[in-house]
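Here is a friendly walk through one protein model, written to be read with the viewer open. Please keep the strands and helices in sight as you go.

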Amino acid sequence: MAQYQTEAILLAVRDWGDSDKLVTLFSREHGKINAVAYGARRPKNRMAGSLQLFSYVELVLLQGNKLDTIRQCDVKTSFRTLREDLSQMAYGVFILELVDELWPDRQPETAVFDLLLLVLGVLQKRNPRLVALAAAWQMLKLAGFQPVLHQCVRCGCPLHFPAKFDSEAGGGVCLVCGKPNEVDFAEEEADFLQKLLLLNWDAIELFTVKGKVMMETERKLIDYLLCRLERHLRSLDFIRKVAY
Ligand SMILES: [Zn+2]
């Protein structure tokens, strides 16, 4: 079996057997990987403290049929406060779960890895609710699900506001095509969403947003995710419990 080295971020960590850990990693070179760390829950094991949720690590792995085996693990950045601050943790876990859901195993996605690494860093410093919202829309864009904001998704005409929004179809709908009972889509929301999609994580500009616009954009995200993933993310319940 081949041994290989990679950088990765820990998306999920579970106890396994009597003393082992089962982890889901997002690696820079190979995308999502499931791996086992034998003996990692024994106090004297060198990997005991390093395989933690959010950690950015350098790994040596042995390739297996279904599961790879972690041979060595060195922490590059621990992102410790993400595990200590409940609000940061809730929004952080949401981003990890989203990445885990959006990409299949062993599909190399360097841009996703790089974005995830930047997002985890910014999550420790900025309003985690806003960071998670921007990160989630950008992850959707990288997965090929960018929402259409300035065109009607049904007839293709340029969108004039106020308009409607169809999560299933993937964006704004003009009033000619839209039905009165469909969700409203205001110009402020389209501008805000556009800003989130283009957010530069290396140099985030300060900007303010009205509470209503923020809440509407979150609500659309939740609907949008439900249409794309066809299931409710567990981490959204966690956010509701701890972050409000
Ligand atoms: Zn239309």
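Which residue in S5 is the bridge partner of Tyr-56? Thr-77 is that partner. This is a predicted model, so please read what follows in that light.

## The barrel

The pair just named belongs to strand S4 (residues 56–62) and strand S5 (residues 68–77), which run antiparallel and share seven bridges. Helix H2 (residues 86–102) packs on the sheet, where it touches S1, S2 and S3. The direction of H2 makes about 115° with that of S1.

The sheet itself is a barrel closed by five strands, in the order S1-S2-S3-S5-S4 and with mixed pairing. On average, its neighbouring strands are turned by 50° against each other, with direction ignored.

## Two hairpins in the barrel

It helps to follow the chain from S1 to S3. S1 and S2 are antiparallel and joined by eight bridges. Within this pair, Thr-24 of S2 stands opposite Ala-12. Three residues lie between the two strands of this hairpin, and Gly-17 adopts a positive phi near 60° there.

S2 then pairs with S3, again in the antiparallel sense, over seven bridges. Here Phe-26 has Lys-32 in S3 as its bridge partner. S2 and S3 also make a hairpin, with three residues between them. As a general point on such pairing, strands of a sheet are held through backbone hydrogen bonds, either parallel or antiparallel.

## Two domains and where they touch

Stepping back to the whole chain, the protein divides into domain 1 (3–77) and domain 2 (81–151 + 154–242). Taken over C-alpha atoms, the centres of the two domains are 29 Å apart. Where they meet, 16 residues of domain 1 are in contact with 18 residues of domain 2.

Which strands supply the side of domain 1 that touches domain 2? Strand S1 (3–16), strand S2 (20–27) and strand S3 (31–37) each give at least two residues to that side. S3 has the largest share, with four residues. Sorted by class, this side of domain 1 holds eight nonpolar, five polar and three charged residues.

## A pair of helices

Further along the chain, helix H4 (residues 128–142) packs with helix H6 (residues 211–229) at an angle of about 40°. Their axes are 11 Å apart, and H4 passes H6 in a left-handed crossing.

If you would like to select the contact in your viewer, H4 contributes Leu-133, Ala-136, Trp-137 and Leu-140. From H6 come Thr-217, Glu-218, Leu-221 and Tyr-224. By class, the residues of this contact are six nonpolar, one polar and one charged.

## The open sheet

The last stop is an open sheet of three strands, ordered S7-S6-S8 with antiparallel pairing. Strand S7 (171–173) and strand S8 (183–185) are its edge strands, each pairing on one side only. Neighbouring strands of this sheet are turned against each other by 50° on average, direction ignored.

How many bridges pair strand S6 (residues 163–166) with S8? There are three bridges, and S6 and S8 pair in the antiparallel sense. To find this pairing in the model, look for Ala-163, whose bridge partner in S8 is Phe-185.

How values were computed: Residues numbered from 1 in each chain as written. Predicted model: local features only at pLDDT ≥ 70, side-chain atom pairs only at ≥ 80, totals over all residues. Domains from an automatic or database assignment. Contact = placed C-beta atoms within 7 Å. Nonpolar A, V, L, I, M, F, W, Y, C, P; charged D, E, K, R; others polar. Pairing = 2+ DSSP bridges. Axes fitted to C-alpha atoms, helices over the stretch in contact; angles between N-to-C directions. Left-handed = near helix turned anticlockwise from the far one by under 90°.
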